[in-house]
Amino acid sequence: PWSCVKSSSFDPRKMAGRWYLTGYSGGISRAFQSCQVVERSVGYHHAINERVTGRFGPFPFSFNRRYEAQNARGVYRRFADYPLLGIVKVTTVVLDVVRDWWNGYQAVIEYACLVALGGFRFQEVRVLTRDREISPSTLDLVDSILRQSGLEVRVTPLDHMRCPRTDRGPGWE
C-alpha cells in the first residue's frame, strides 16, 4: 500500500476543514479513545496541520499533528506530539478518498505503519468523514478498498452521537 493514493486526482487541499474519526483498525490505546474531532489546514507544499481533540475515557485530550508530503502522491510523514508519549513519527498513506456531490471529499482512508526496535509493528487504518457517523455503504466501500489494497483488516465504526456537546463541533445547539 505504499505506492500512492488510489484516486488519480487526489488533491490535498480538499482535506482541509473539520473531520470526525468514524472508523479505525489498530492504533495505540484506541479502545479507550472516543469523540475524536480533527481540524485540518493545508499549507505550503501540501503539508497538513491538524488539531486533534477527543476523550480518553472520561478525560478530554488534544494534541497537534503535522503531515509532511513525501515524493509519492498521498504519502506523508506524520509527526505527532502525543500526551505522555512525546513526538512520534509514522509514515502515513492516503489509500483513497470518497467524493461528495460537489467533488469535495466526504471520507478519507489512511494507513499508517511503523516497525519499532525489537520488531514491534504498529499498524493503523483511520477513516475520517465529514459526518459524525459512517454510513453502512461508506463502511462497505472502505472495507472493499482495504481488501483491494492488500490489507486484511476490518474497520470498527465509531459513533460520535454519545459525545459531549463540546466534542461534537458547531451546529449542536
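Trainee: Which residue stands opposite Val125 in β8?

Mentor: Ser25 stands opposite Val125. Keep in mind that this is a predicted model. Ser25 belongs to strand β1, residues 17-26, which runs antiparallel to β8 and is joined to it by six bridges.

Trainee: What makes β1 and β8 a pair?

Mentor: Two strands pair if there are at least two bridges between them. Six bridges join β1 to β8, so they meet that cut-off. Strand β7, residues 105-115, also pairs with β8 in the antiparallel sense, over nine bridges. There, Val108 stands opposite Leu128.

Trainee: Why is β8 called largely enclosed?

Mentor: Seven of its nine residues, 121-129, are buried, so the rest of the structure largely encloses the strand.

Trainee: Gln123 lies in strand β8 too. Is Gln123 buried, exposed or partly exposed, and why?

Mentor: Gln123 has a relative accessible area of 31%. Buried means under 20% and exposed means over 50%, so Gln123 is partly exposed.

Trainee: What makes the link between Gln123 and Tyr111 a polar contact?

Mentor: Their side chains are joined at 2.5 Å, and the cut-off is an N or O pair within 3.5 Å, one able to donate a hydrogen and the other to accept it. The value lies within that limit, so the link counts as a polar contact. Gln123 also has a partner far along the chain: its C-alpha atom and that of Gly26 are separated by 5.9 Å, although the two residues are 97 apart in the chain.

Trainee: How do you know that Cys35 and Cys163 form a disulfide?

Mentor: Their sulfur atoms are 2.2 Å apart. A disulfide needs two cysteine sulfurs within 2.5 Å, so this pair qualifies. The pair links distant parts of the chain, with Cys35 in strand β2 and Cys163 in the segment after β9, 128 residues apart. The structure holds one disulfide, and the link is left-handed, with -100 degrees about the S-S bond.

Trainee: Why are Cys35 and Cys163 called buried?

Mentor: Cys35 has 9% relative accessibility, and Cys163 has 3%. Buried means under 20%, so both values fit. Cys113, at 10%, counts as buried too.

Trainee: Back to β2: how do you know that β2 and β3 pair?

Mentor: Eight bridges run between β2, residues 33-42, and β3, residues 48-56, in the antiparallel sense. At least two are needed, so they pair. One bridge partner of a β2 residue is Thr53 in β3, which matches Val37.

Definitions and conventions: Residues are numbered from 1 along each chain as its sequence is written. This is a predicted model: local features need pLDDT of at least 70, side-chain atom pairs count only at pLDDT 80 or more; totals for chains, interfaces and linings use all residues. Side-chain values use heavy atoms; hydrogens and water are left out. Helices (H or I, at least four residues) and strands (E, at least two) are DSSP runs, numbered from the N terminus. Buried means under 20% relative accessible area, exposed over 50%, partly exposed in between (1.4 Å probe, protein chains only).
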